[in-house]
Every structure is written in structure tokens, then in C-alpha cells.
Amino acid sequence: MELRGVEELMDLLHACRGGGPPADRRGGTAVDPYEHALQTAALLRRGRPADKELQVAGLVHVIGRLLRPGDDTGHADLAADTVRSLLGERVARLLRLHALGADDLVRLHAGGWADATLVEDVLALRHADEAGRTPGMDAGVLEDWRTVLELVAGRARAAHHLPGA
């Protein structure tokens with residue numbers, strides 16, 4: 001599946017509401033995927049306010065599980081492939097790598113496949129993913145993210161149309 005626009009992405013994210021709680025790796029209370037996406041993005045917005053692509057990666061990281069329920073191994077790749085054309089290569093790469101363990105990230109960095117900044121960004125996404133499972137946390141609503149999604153999509157579109165891109 002390839003998304004054609006921000007509206008289609010927002011519809012997909014709205015479909016996460018009530019889609020069943022994600023597994024909580026710490027054994028605590030599970031949170032609805034829609035709320036989890038909003039919480040993850042809100043935490044990244046607070047921690048890294050200038051990094052819109054990282055925030056958006058936090059918002060959309062749940063869509064792979066929605067598109068292929070029960071696929072615990074391929075959800076990150078599916079999410080990355082789904083948003084790449086709309087949100088750009090960096091968001092897709094963050095999504096693809098966020099499911100890796102810390103040891104795998106270190107090996108990617110040591111092997112020259114990921115620079116230190118990318119590893120730091122993926123770890124920030126993973127941390128927000130883990131922390132974004134708080135029942136009752138007010139993380140706003142999806143509509144609050146429309147402008148940010150449009151900004152990131154516009155940047156990705158512009159980067160795709162640059163000569164040599």
C-alpha cells in the first residue's frame with residue numbers, strides 16, 4: 001500500500017482507534033493504538049521540538065500493525081514502505097529501524113550502515129514508543145498533527161523533485 005496524501009494517512013491513523021491495544025513489553029496496562037501513536041508523537045514533540053520528521057515517525061509507527069495484525073516481525077518494514085513516498089526517506093528509515101534492538105543498532109553503526117545521529121534518533125523514537133503507553137495521558141487529538149504532517153509531506157515532495165534526487 002502506498003499513501004496518496006495526508007488525508008489518506010489521517011484516515012488510516014483514525015482507523016487505529018479501538019483497533020486493539022498494542023502489547024506492552026513491560027507487562028503494564030495496554031493503550032489503544034491511536035492513543036499510543038498520539039502519546040509517542042507528543043513525547044517526541046516535547047523532547048525534540050524542532051525535529052518534525054522524528055515526531056511524525058512517532059505518530060505513524062503504529063500503522064504497520066494495523067495493516068497486518070499479528071505481524072510482530074514485519075510491521076516496521078510495512079509501515080516504512082507505506083509512508084516512504086508521502087513522508088520521505090528519513091521517516092521511513094526511522095520506522096524501519098525502530099523495531100531493532102539496541103545491539104543491532106550498535107552493529108549497524110559500527111558497520112557504517114547508520115551514522116551516530118541516526119542511531120540517536122532511532123533510540124529517541126524507541127524510548128518514546130516505550131513511554132507512550134500511559135492510560136489517560138492527554139496527548140491531544142490527531143487533527144493537531146495535520147499541519148505537521150503536511151509540512152513533512154511537502155518537504156519530502158520537494159526533496160523528491162530536486163535535481164539529482
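Is Leu-38 buried or exposed? In this predicted model, Leu-38 counts as buried, because its relative accessibility is 1% and the cut-off for a buried residue is a value under 20%. The residue belongs to helix H2, which covers residues 33-47. When neighbours within four places in sequence are set aside, Leu-38 is in contact with Leu-59, Ala-139, Gly-140, Val-141, Leu-142 and Trp-145. A separation in sequence can also go with a separation in space: Leu-38 and His-160 are 122 residues apart along the chain, and their C-alpha atoms are separated by 27 Å.

One of the partners of Leu-38 can be followed further. Ala-139 sits in the loop between H8 and H9, and with a relative accessible area of 10% this residue is buried. Apart from neighbours within four places in sequence, Ala-139 is in contact with Leu-38, Gln-39 and Ala-42. Ala-139 and Ala-42 are 97 residues apart along the chain, yet 5.9 Å is the separation of their C-alpha atoms.

Two other loop residues can be read in the same way. Gly-74 is found in the loop between helix H4 (63-67) and H5, and at 14% relative accessibility Gly-74 counts as buried. From Gly-74 to Leu-3, 71 residues away along the chain, the C-alpha separation is 18 Å. Asp-115 is placed in the loop between helix H7 (102-110) and helix H8 (116-131). Asp-115 is partly exposed, because its relative accessible area is 48% and the range for partly exposed residues lies between 20% and 50%. The C-alpha atoms of Asp-115 and His-61 are separated by 21 Å, with the two positions 54 residues apart in the chain numbering.

The next topic is how helices pack. Two packed helices are described by the angle between their axes and the distance between the axes. For H5 and helix H6 (residues 89-98), the axes come within 8 Å and cross at roughly 175°. H5 is therefore roughly antiparallel to H6, since angles over 145 degrees count as roughly antiparallel. On the H5 side, the contact is made by His-75, Ala-76, Asp-77, Ala-79, Ala-80, Asp-81, Val-83, Arg-84 and Leu-87. H6 contributes Glu-89, Val-91, Ala-92, Leu-95, Arg-96 and His-98. By class, the residues of this contact divide into eight nonpolar, two polar and five charged.

Helix H5 also takes part in a pocket. Rolling a probe the size of a water molecule over the atoms shows where empty space is left. The second largest pocket holds about 170 Å³ of space. Its lining consists of Arg-84, Ser-85, Leu-86, Gly-88, Glu-89, Ala-153, Ala-156, Arg-157, Ala-159 and His-160. Which helices each supply at least two residues of this lining? They are helix H5 (75-87) and helix H9 (146-160). H9 gives the largest share, five residues. Sorted by class, the lining of the second largest pocket has four nonpolar, three polar and three charged residues. Arg-84 and Glu-89 appear in this lining and also in the contact of H5 with H6.

Terms used:
Residues numbered from 1 in each chain as written. Predicted model: local features only at pLDDT ≥ 70, side-chain atom pairs only at ≥ 80, totals over all residues. Heavy atoms only, no water. 1 Å grid on protein atoms, 1.4 Å probe; cavity = no way out; pocket = protein on both sides within 12 Å on 5 of 7 lines; lining within 4 Å. Points joined across faces, edges and corners; volume = space filled by probe spheres on them. Helix = DSSP H or I, 4+ residues; strand = E, 2+ residues; numbered from the N terminus. Nonpolar A, V, L, I, M, F, W, Y, C, P; charged D, E, K, R; others polar. Axes fitted to C-alpha atoms, helices over the stretch in contact; angles between N-to-C directions. Parallel < 35°, antiparallel > 145°, perpendicular 65-115°, else oblique. Contact = heavy atoms within 4.5 Å. Buried < 20%, exposed > 50% of the residue type's maximum accessible area, 1.4 Å probe, protein only.
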